[in-house]
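Thanks, everyone; I would like to take a few minutes on how two chains meet in one model, and then on how far that model can be trusted. Please have the sequence and the structure in view while I talk.

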Amino acid sequence: MASLTLFPKAGNKASAEKRTERIIKGGLMLCALLSVLVVLLITVMVFKEAWPAIKQQGLLNMITGTSWKPTAAKPRFGLLPMIAGSFAVTALALLIGVPVGLATAIYGAELATVRVAPLVGRMAGILAGIPSVVYGFFGLMVIVPAVRLLGGTGMGVLSAGVVLAMMILPTVISVSEAAIRAVPGEYREASLAMGATKWQTIWHVVIPAAKSGIMASVVLAIGRAVGETMAVILVAGNIPVIPKGLLSATRTLTVNIALEMGYVRPGSLHYSALFAAAAVLFAFIMLINLSVRMITRGGSR
Amino acid sequence: MMKSVKKHDRKRDERFAFAVIKALSLTTALVLLLIIGYITWNAIPALNWQFVAGTPGDPLNTGIWPMAVNTLLLVVLTLAIALPLGILAAVYLKEYVREGPFVSVVRSATENLAGMPSIIFGLFGLVFFGKMLGLGWSLANGTLTASIIILPTIMRTTEEALKSVPQSYREGSLALGATRWQTVKKVVLVSAFPGIMSGLMLAIGRVVGETAALMFTLGSSDRVATSLMDSGRTLAMHLYMLAHEGLSVEGAFATAFVLVVVVLAVNVTAEMLANRALGRGGRQIGR
């Protein structure tokens, strides 16, 4: 009897429709879960493949090891030169790119006329769309010869930093500009009404109010610079030693993977050590993602 | 916070600050113009029929025909997979469930994917699709890897587009007796279409420019991929090989030019579609 009341119109159109709706809803949920599944799979893969090298060499030894000689008779798998390389080129990129990008964002959000302002967003859109390999090629043909005038081969920290600075511009511009635009107009009006100049208002009121968005843009830019491969590979010189100065050649974690994964024997210690480099990169990017989330959440409250 | 400075000094400070800001903004514009101008200027001599239709096999021939076809194949196949999945995932998040733990887990996973470096996707494709699923270096592997890369873009832009559909449209449809899915399919998605297409354009740009993720998944064979299991080289990969190995500077310029033109076309179309979405829905479609 109970079954009769539970399913009174099993063959009925309305209930068939409901069942279809349920199936559709289930299917949609699976699609939504796909990104969670992929993130989990990537995490498992990277660390699983990195594990043999980490177990054999020791994580601390790898991270602090200053010598990367994977094919030597007595192979060395120190990742410090690449960690230092990634750090150096990223720091330089931020040093150049953040002031330029932030100024452009301020210009677009506060100074530009109604007709010019949309151009700033459009520029950022195109800069973001240009493929990294095109930036790398441009760097190779224009930046490297220019840096060569200062001495050396031209390939190294300085060239990579300049190319990366161009590449992080769109991230800094679009995220900062959105943050500055989101500052309520009353803030500006109150400041101007108190006799502050436009610049004092921007510097002392608008930018502090947009601080979390601006910080998020910088952290996102760090992520983009650290993760960049193809542009750096063409201009950095790629020698796995700790860079001594702006002109010395350097190799980043990403470049290390891209250069050697092509010829390495799958399953070998060298192969696993490349995944260990990827694991370091992965952990760093996760940290970046986490900080962006914390910054933007803190800002919205 | 405000120091007691004379009015004259404050005005001078402002003029100086604005001059610096304008100069730095101009730098951004010059960087963009320099990249596009330099590549276009140097590509002009190399742009001829031979370049477009030829194949790189012949030493004097720098043609890009196979790479152009491979790129197109990759874009079409990738969209065929990622577009439905991304749209349906966004529909679920926006139309079927409320904000809650489930949505925030999915959203943070999607953000993580969006911030992941290409090379990590490349390694994932190499191990998972290549080794574990046995796809090796192939169009199939490259397609699946690229699909994962653009999934967050499509999800995010679709969600934004769905947000811009007025609530009254849904209510009207539901009140007429349509089911939720019928409402989504016939009303909400139709209205969100321009916004979704704008996201699609950005996704196309990403696939066309992708290199690091395809090195170890799609490979670099310079012939047209005739099956899903064939390796193939895209235009971006071709540019990398020409530049890295110094094979043909002229060919590299011309290939870079083609890539830049694609990016510009994709951007202009995306903005036109976003403006259309803006006109209809009334809310900005985010990048």
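What we have here is a predicted model, and in it the contact between the two chains takes 70 residues from chain A and 74 residues from chain B. On the side of chain A that touches chain B, the element that gives the most is H2(A), with 19 residues, and if we sort that whole side by class we find 47 nonpolar, 16 polar and 7 charged residues.

Let me stay with H2(A), which covers residues 13-57 of chain A, and look at how its axis passes that of helix H4 of chain B, residues 101-114: the two come within 8 Å and cross at roughly 55°. An angle between 35 and 65 degrees counts as oblique, so H2(A) and H4(B) are oblique to each other, and their crossing is left-handed. The residues that meet there include Val36(A) and Val39(A) from H2(A), and Val106(B) and Leu113(B) from H4(B); by class, this contact has 9 nonpolar, 3 polar and no charged residues.

Now to confidence, where chain A averages a pLDDT of 92, with 95% of the residues scoring at least 70. Among the elements of chain A, helix H4(A), residues 80-111, has the highest mean pLDDT, 97, whereas helix H1(A), residues 2-6, has the lowest, 47. Over residues 1-5 of chain A the pLDDT stays under 50, and for that stretch the model has 0 contacts beyond four places in sequence. Where pLDDT is low, predicted coordinates should not be read in detail.

Conventions:
Residues numbered from 1 in each chain as written. Chains lettered and ligands numbered in written order. Predicted model: local features only at pLDDT ≥ 70, side-chain atom pairs only at ≥ 80, totals over all residues. Axes fitted to C-alpha atoms, helices over the stretch in contact; angles between N-to-C directions. Helix = DSSP H or I, 4+ residues; strand = E, 2+ residues; numbered from the N terminus. Parallel < 35°, antiparallel > 145°, perpendicular 65-115°, else oblique. Left-handed = near helix turned anticlockwise from the far one by under 90°. Contact = placed C-beta atoms within 7 Å. Nonpolar A, V, L, I, M, F, W, Y, C, P; charged D, E, K, R; others polar. pLDDT = per-residue confidence, 0-100.
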